[in-house]
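Thanks for making the time this morning. I would like to walk you through one structure, starting from its interior and working outwards, and then I will finish with two backbone angles.

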Amino acid sequence: MTRKNKILIIRLIISLLIWVSAIIIQFSINYSFELEMVYLSLYIVSYIIAGYDILLGAVKHIATGSLLDEYFLMSIATIGAFCIRFFGDIEYLEAVAVMLFFQIGEVFQGYAVEKSRKAIMNTMDLSITRVTLDDGSIIDPMDVKIGDIIVVKPGEMIPLDGVLETNAIVNTLSLTGEALDVDKSVGEEVLSGSINTISPIRIKVTKLYTDSTATKILDMVENATMKKAKSERFISKFATVYTPIVVGLALILGGVIPFIITLVQGFENAGSIFPSYVYTALTCLVVSCPCALVVSVPLTYFAGIGANARKKIIVKGGINLEDLAKCDTIIMDKTGTLTKAEFEVVKVIGDKDELLKIVKGLEINSTHPLAMAINKLDVDYYKFEIEETPGFGIIGSKDGVKYYCGSRKLLERYNVKAMDVNESGSILYVAKENECLGAIILEDVLKDEAKANISKLLELGKRVVVLSGDNKMSVESICNRLNIKEYYYGLLPQDKVRIAEEIINSPDTNKVMFVGDGINDAPVLALSDIGVSMGQIGSDAAIEASDVVVLNDNLDALPNMLKIAKKTRIIVIENIIFTISVKVIILILSALGGIESLSFFRLPMWVAIFGDVGVCVLAILNSMRALRVKN
């Protein structure tokens, strides 16, 4: 609990005790003027202890031009309740009660926001306060420079991104939610936020603290509330229009109407006319405060973002969460999304030794999943002058001779006739000058959780589409196993963009999510309503291009984020309907109660308290349900 909330609770306890004492004195002893001064003094003391910050806030806001906020409304209503005496002295009690219950609502609000923030930040426990350099000195992480050597002891979190100077075993639980110990060798990259597990390690820093992985993740989380959903923006605009209208109606009800009646009935009746209407107007002011909406709607989205963060899903803002709730179409990349991107060579058509030497030489510096599978093989290789053709493959030159390795389209592009290969899997064609030398067949492994989670998406009524650059047999095989009916194969990056545009612009489509690696598919990620990158926490490109970043590489995230988004939106709608309905009913009854012939409709001010503080507390408690979403 924050220090501010603790102090407020202590003030409320003291104020409540004094308030109860005043009530006991007021209603248990025969009336006298001296006695009234005693309990009035107690009420005033209780009122000031409970609400002095509200009164000061109202004065400050008036000075800055922010007149019609909840502080102003509470101050006017409670001070007015002290002043009117038409219904006896009960207004003293109500004036303090309004302030007390308003502040109790503030306590609930502070607690709810703090709980949501803790739920997120505990999940993202990545903060670093000190760094040890290799000379033993301890400095602030902000002071570390690129190229510095830092030392991380066993059990400590790696503070900045870098490359290892020593072998290490690191645990990525804080980053991905998966308690995996990963062996790392000298020269390999390690990410900040990982935990060193076995022995002290030395790391050469490659990124400043502000640019490191852990800092970027924390920034995403902390800035998530900045990108507001449409409903949040609507509530903000609604409050700026709604509050002045209600205040104007209260002025008419408490001033204009009784003044007109007084003119008609005579000024000698003013003492019996004005208090009733003023009391009704004050009741309207109390209930008119829009804080239940202004607080609960953003809090619901914040809680929804927190629920996702618990599952290692970073949603960048309320607007993205709202889009997720409306998502009806999911476009997915195949390699690395549905599959593990862990290819194995299963067949070589042609001279195996010669083909592997050529392909490894061409792919030696490539980071493509297919190339990485080739590079793992313990074979010799030729050296080439490399020329990449993105989306097609690689061309190399050796002794003036051109070599090609890539898709069938690469060979066709250079008028080389490719051999016919009737095999499932990913196919790398290999050619020398105008002759196709053979082909290498690689197969990817389907992710363990792919089938179950694609089934969940289909059960949720989502349209699932696969876009892939692989050949027909490979894509068809994977999609048939996952029961995906709509898929496209043999696509270049521009083809993926074209098909994605067609799907997005279709009149039958609402919101489209694209799930990919965040790097190769950046154009489609940017084009889609919701771009989701998976397992790319070390990539600046992935973090920048995506609306949602899945810190681990698990497909469980997809149905989870959709369920959380749907529940969040339902809670927002519930809060809006409940809050506006209760306030409108109380406002109508209060206004009718000011009319003498309809005085039986008159509501006591405690009902207005419920219409404001009670509704706000209930809306906040309802908002907190967004934090709890079952799998």
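Let me begin with the empty space inside, where the largest cavity holds about 40 Å³. Please keep in mind throughout that what you see is a predicted model. The search covered the whole structure and returned three cavities of 30 Å³ or more.

Which residues line the largest cavity? They are Phe-102, Gly-105, Glu-106, Cys-291, Val-613 and Cys-616. Two elements each give two or more residues to this lining, namely helix H4, which covers 90–123, and helix H20, which covers 605–623. The most comes from H4, which supplies three residues. If we sort the lining of the largest cavity by character, we get four nonpolar residues, one polar and one charged.

Staying with the interior for a moment, I would like to show you Ala-22, which sits in helix H1, residues 3–28. Its relative accessibility is 0%, and Ala-22 is therefore classed as buried, the limit for that class being under 20%. Measuring from C-alpha to C-alpha is the wording I would use for the next pair: Ala-22 and Leu-93 are separated by 71 residues in sequence, yet by 8.4 Å in space.Now to the charged pairs. Side chains of opposite charge can pair when their charged atoms come close. How many salt bridges does a search of the whole structure find? The search finds 17, and I have picked out three of them.

The first one on my list joins Arg-202 to Asp-134, with 3.6 Å between the closest N and O atoms. Arg-202 belongs to strand E9, residues 201–205, whereas Asp-134 is in the loop between strand E1 (131–133) and strand E2 (138–139), so this pair ties together parts that lie 68 residues apart in sequence. Arg-202 has a relative accessible area of 32% and is partly exposed, and Asp-134, at 43% relative accessibility, also counts as partly exposed.

The next one joins Lys-511 to Asp-323, and here the closest N and O atoms are 3.6 Å apart. Lys-511 lies in strand E20 (residues 511–516) and Asp-323 in helix H10 (residues 318–326), so the parts tied together by this pair are 188 residues apart in sequence. Are these two partners buried or exposed? Lys-511 is buried, with a relative accessible area of 16%, and Asp-323 is buried as well, with a relative accessible area of 10%.

The last of my three is a pair within one helix, formed by Glu-502 and Arg-498, whose closest N and O atoms are 3.6 Å apart. Both residues lie in helix H16, residues 493–504, and they are four residues apart, which is about one turn of the helix. Glu-502 counts as partly exposed at 48% relative accessibility, and Arg-498 counts as partly exposed at 40%. This pair also belongs to a network, in which salt bridges that share partners join Asp-495, Arg-498 and Glu-502.

From charge we can turn to the nonpolar surface. A nonpolar patch is formed there by Val-241, Ile-245, Leu-249, Ile-252, Val-256, Ile-257, Phe-259, Ile-260, Leu-263, Val-264 and Phe-267, and together these residues have about 1000 Å² of accessible area. As one member to look at, I chose Ile-260, which lies in helix H7, residues 230–265. With a relative accessibility of 48%, Ile-260 counts as partly exposed, and since a residue enters such a patch only with over 30% relative accessible area, that value is consistent with its membership.

Finally, the two backbone angles. Most residues other than glycine have a negative phi. Against that background, Lys-312 has a phi near 65°, which is positive although the residue is not a glycine. Where does Lys-312 lie? It is in the loop between helix H9 (291–310) and strand E10 (313–315), and at 9% relative accessibility Lys-312 counts as buried.

The other residue is Asn-415, again not a glycine, with a positive phi of about 60°. Asn-415 is placed in the loop between helix H13 (408–413) and strand E16 (426–432). Is Asn-415 buried or exposed? At 68% relative accessibility, Asn-415 counts as exposed, whereas Lys-312, as I said, counts as buried.

That is what I wanted to show, and I am happy to go back to any part of it.

Definitions and conventions. Residues are numbered from 1 along each chain as its sequence is written. This is a predicted model: local features need pLDDT of at least 70, side-chain atom pairs count only at pLDDT 80 or more; totals for chains, interfaces and linings use all residues. Side-chain values use heavy atoms; hydrogens and water are left out. Patches are made of residues with over 30% relative accessible area and no salt bridge: like charges are joined within 9 Å, nonpolar side chains (Val, Leu, Ile, Met, Phe, Trp, Tyr) within 5 Å. Accessible areas come from the Shrake-Rupley method with a 1.4 Å probe; for residues, only the protein chains shown count as cover. A salt bridge is a side-chain nitrogen of Lys or Arg within 4 Å of a carboxyl oxygen of Asp or Glu. Buried means under 20% relative accessible area, exposed over 50%, partly exposed in between (1.4 Å probe, protein chains only). On a 1 Å grid over the protein atoms alone, a cavity is a set of points where a 1.4 Å probe fits but cannot get out, and a pocket is an open set with protein on both sides within 12 Å along at least five of seven lines; lining residues have an atom within 4 Å of a point. Grid points are joined across faces, edges and corners, and a volume is the space filled by probe spheres set on the points. Ala, Val, Leu, Ile, Met, Phe, Trp, Tyr, Cys and Pro count as nonpolar, Asp, Glu, Lys and Arg as charged, and the others, Gly among them, as polar.
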